[in-house]
Amino acid sequence: MKVDRAVLKSLSLFERMTDSDLDSMLEHAAPRRVAQGDAVFEQGGHAKSFFLLIHGRLKVTQVTQDGQQIIVRMVHPGDLFGFAMALRRTDYPGTARAAAESLIIGWPTEMWSCFVEQNPRLAMTAMQTIGQRLEEAHTRIREMSTEEVEKRVAHAVLRLSKQAGRVVQEGIRIDFPISRQDIAEMTGTTLHTVSRILSAWESKGIVEGGRQKLTLTDPPRLLRLADGERQ
């Protein structure tokens, strides 16, 4: 499989790079299709590559010391992920698994320094990505420490709709397969609790569910729920 230079050029991360620099990057690239449910890498595995998501969605999970699995982030098209070297790690801190069929490009970890030298914007983007992850992690920790479960779930669903929402006739659909268990892992609660909350929202016309589908049919009302307004 070969990735056309135009694919990278269309991404903001690479739009200022010269064609020759892009061709040099692609010489060392390893494109790979990842079926839904398959892992790109596993938590604790040797970080031998870093990656760019071209198409699809990935979820990155971690298993805590007490054995609980949590979703720490979603990876969207155009995102870099798995760059453990930038975190001064030699292993992957989580497991990246395809939430939908995905296309990724991988490069050997040892090429990270070379890429950063050729493309300072890559380093800046990596720093911004790390900063965004920290900010989101702090937000989620604050939500789990101070907010009721329904508000946490509302915030998580709104974040997903902002990051991966697609306007449809019914409202805003989260544009990749998302299960109630996924939302439970994002919000530090149980499947039973999330199912109860989403079922109540469905009966009130706030969301519309389905098999691994979720559509926000009344986003303003959900936003008011996230702000603490009783429905």
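The largest pocket of this predicted model holds about 1,300 Å³ of space. Its lining is made up of 47 residues, and those that lie nearest the centre of the pocket are V72, R73, T129, Q132 and R133. Both strands and helices contribute to this lining: two or more residues come from each of β4 (58-63), β5 (69-75), β6 (80-81), α4 (120-146), α5 (149-164) and α6 (180-187). Helix α4 gives the largest share, with 13 residues of the lining. As for chemical character, the residues around the largest pocket divide into 24 nonpolar, 14 polar and nine charged. A helpful way to picture such a space is to imagine rolling a probe the size of a water molecule over the atoms, which shows where empty space is left.

Attention now turns to strand β8, which spans residues 102-108. This strand is mostly covered, as six of its seven residues are buried, that is, under 20% relative accessible area. Strand β8 pairs with β1 and also with β3. With β1 (residues 30-34), the pairing is antiparallel and consists of five bridges; here V34 has S102 of β8 as its bridge partner. With β3 (residues 49-55), the sense is again antiparallel, this time over six bridges, and F51 is matched with G106 of β8. For readers tracing these strands in the structure, it is handy to recall that in a regular strand the side chains alternate between the two faces of the sheet.

Conventions: Residues are numbered from 1 along each chain as its sequence is written. This is a predicted model: local features need pLDDT of at least 70, side-chain atom pairs count only at pLDDT 80 or more; totals for chains, interfaces and linings use all residues. Side-chain values use heavy atoms; hydrogens and water are left out. Buried means under 20% relative accessible area, exposed over 50%, partly exposed in between (1.4 Å probe, protein chains only). Helices (H or I, at least four residues) and strands (E, at least two) are DSSP runs, numbered from the N terminus. Two strands pair if DSSP finds at least two bridges between them. On a 1 Å grid over the protein atoms alone, a cavity is a set of points where a 1.4 Å probe fits but cannot get out, and a pocket is an open set with protein on both sides within 12 Å along at least five of seven lines; lining residues have an atom within 4 Å of a point. Grid points are joined across faces, edges and corners, and a volume is the space filled by probe spheres set on the points. Ala, Val, Leu, Ile, Met, Phe, Trp, Tyr, Cys and Pro count as nonpolar, Asp, Glu, Lys and Arg as charged, and the others, Gly among them, as polar.
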